[in-house]
Amino acid sequence: VGSAIAEVVQANVGESNWQITAEATKGTQENIHRLDRSEIDLALANAAITFFAVRGQGKWEKQYPIQSVMTLAPNIALFITPARSGIQSMGDLRGKRVVVGPAGAGFEHFVEPILKAHGLSYSDIQPLNDTQAGAVALLADGSADAAFLGGAVPTASITQACASQDIHFIPFDETAKDDLIANYPFFEKKTIPAKTYKGQSEAFQGLNVGNMILVTSASVSEDTIYEFTKTLFEHAQDVIEKHPAGRAINPTNAVRDTGTAFHPGAIRYFKEIGIWKKD
């Protein structure tokens, strides 16, 4: 997605004379630290992790001056388990080996609140750290009882897991979802349509656990972010041609509030085109 955005904006910079490159990183936490050190100008980030970073909460040692430019694709995630495991509900995860994401990726910023809303904590499960692909392998050989997987729908890792064995999607409690949404703006109810995955006969009522967002440092000039936002938004169709996640660059989703304040340059453009409805 980052490469698609960089290519499209670079191809349409006009008189800005920018040189735009996409860099691979280890994810949101690294991106926020690098923005803070002015090593990069813009970055992709998870809305949940950024929410805590700008507030200096959780494992963040200070309040990071990060601002949102645009809200991008949702990250629809859930706990899955082999049907043979006997795990039916969130409460059944107690004492089980659960893959919760790669070490240092920051997944605890949204996994921990989800567990807490269901009356659980990290100490109630046996957390395992691995990538999504690694999680699928651990489920397949019985080294893990469940895994927290997600992303854009369909998610490749969930597709792979469902292709190799019968998989049960562990349902979220509706009251727990309501509590999460009431307390954290990055959570959102999202439905995975029936038959998205092999063996999934019914729609699954899932959760967006934190949109992908485009972020920048508060120190980047208003004019720069205005021009970048304008160029990207006006050429969103070109992004879609390179990556389907570009469909999220639309008037409704782009200005969705996930708990990180928008940069003045982005607000200026969104007001100009009439999609900024906030004070």
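**Exercise 1. Salt bridges between separate parts of the chain**

Task: Starting from the 16 salt bridges that the structure holds, in what is a predicted model, work out where the partners of glutamate 7, lysine 62 and arginine 268 lie.

Solution.

Step 1. Begin with glutamate 7, whose salt-bridge partner is lysine 242, with 3.1 Å between the closest N and O atoms. Because glutamate 7 belongs to helix α1 (residues 2-11) and lysine 242 to helix α9 (residues 236-242), this pair ties together parts that are 235 residues apart in sequence. Glutamate 7 is partly exposed at 44% relative accessibility, and lysine 242 is likewise partly exposed, with a relative accessible area of 45%.

Step 2. Turn next to lysine 62, which forms a salt bridge with aspartate 36, the closest N and O atoms being 2.8 Å apart. Lysine 62 sits in the loop between α3 (47-55) and β2 (66-71), while aspartate 36 sits in helix α2 (residues 28-36), and the pair, 26 residues apart, links distant parts of the chain. With a relative accessibility of 37%, lysine 62 counts as partly exposed, and aspartate 36, at 28%, is partly exposed as well.

Step 3. Arginine 268 pairs with aspartate 223 in a salt bridge whose closest N and O atoms are 2.8 Å apart. Here the arginine is part of helix α10 (residues 264-272) and the aspartate part of helix α8 (residues 222-234), so the salt bridge ties together parts that are 45 residues apart in sequence. Arginine 268 has a relative accessible area of 31% and is partly exposed; aspartate 223, at 49%, is partly exposed too, since only values over 50% count as exposed.

Step 4. Finally, look for salt bridges that share partners: these join Glu23, Glu30, Arg34, Arg37 and Glu39 into one network.

**Exercise 2. The packing of α8 against α10**

Task: Describe how helices α8 and α10 pack, giving the angle and the distance between their axes, and identify which residues meet.

Solution.

Step 1. The axes of α8 and α10 are 7 Å apart, and the helices pack at an angle of about 50°. This angle makes α8 oblique to α10, and the crossing of the two helices is right-handed.

Step 2. On the α8 side, the residues that meet α10 are Glu222, Asp223, Ile225, Tyr226, Thr229, Lys230, Phe233 and Glu234. On the α10 side they are Pro264, Gly265, Ala266, Arg268, Tyr269, Phe270 and Glu272.

Step 3. Compare these residues with the salt bridge of the previous exercise: Asp223 and Arg268 both appear in the meeting of the helices, and they are the partners that form a salt bridge with each other.

**Exercise 3. The surroundings of strand β3**

Task: Decide whether strand β3 (residues 76-82) is largely enclosed or largely open, and find which strands pair with it.

Solution.

Step 1. Count the buried residues: 7 of the 7 residues of β3 are buried, so the strand is largely enclosed by the rest of the structure.

Step 2. Check each face in turn. Ile76, Leu78, Ile80 and Pro82 on one side are buried, as are Ala77, Phe79 and Thr81 on the other, and both faces of β3 are therefore covered.

Step 3. List the strand partners. β3 is joined by 5 bridges to strand β6 (residues 146-151), running antiparallel, and within that pairing isoleucine 76 has glycine 151 as its bridge partner. With strand β9 (residues 204-208), β3 pairs in the antiparallel sense over 2 bridges, and alanine 77 stands opposite leucine 207. Strand β7 (residues 167-169) is also antiparallel to β3, with 3 bridges between them, and proline 82 has isoleucine 167 as its bridge partner there.

Step 4. Follow isoleucine 167 a little further. Isoleucine 167 counts as buried at 17% relative accessibility, because the cut-off for buried is under 20%. Apart from neighbours within four places in sequence, the contacts of isoleucine 167 are Ile80, Thr81, Pro82, Ala83, Ala161 and Cys162.

**Exercise 4. A loop residue**

Task: Establish where serine 38 lies and whether serine 38 is buried or exposed.

Solution.

Step 1. Serine 38 is placed in the loop between α2 and β1 (42-46).

Step 2. The relative accessible area of serine 38 is 56%, which means that this residue is exposed.

Step 3. Although serine 38 and threonine 216 are 178 residues apart along the chain, their C-alpha atoms are separated by 9.7 Å.

Notes. Residues numbered from 1 in each chain as written. Predicted model: local features only at pLDDT ≥ 70, side-chain atom pairs only at ≥ 80, totals over all residues. Heavy atoms only, no water. Salt bridge = Lys/Arg side-chain N within 4 Å of Asp/Glu carboxyl O. Helix = DSSP H or I, 4+ residues; strand = E, 2+ residues; numbered from the N terminus. Buried < 20%, exposed > 50% of the residue type's maximum accessible area, 1.4 Å probe, protein only. Pairing = 2+ DSSP bridges. Contact = heavy atoms within 4.5 Å. Axes fitted to C-alpha atoms, helices over the stretch in contact; angles between N-to-C directions. Parallel < 35°, antiparallel > 145°, perpendicular 65-115°, else oblique. Left-handed = near helix turned anticlockwise from the far one by under 90°.
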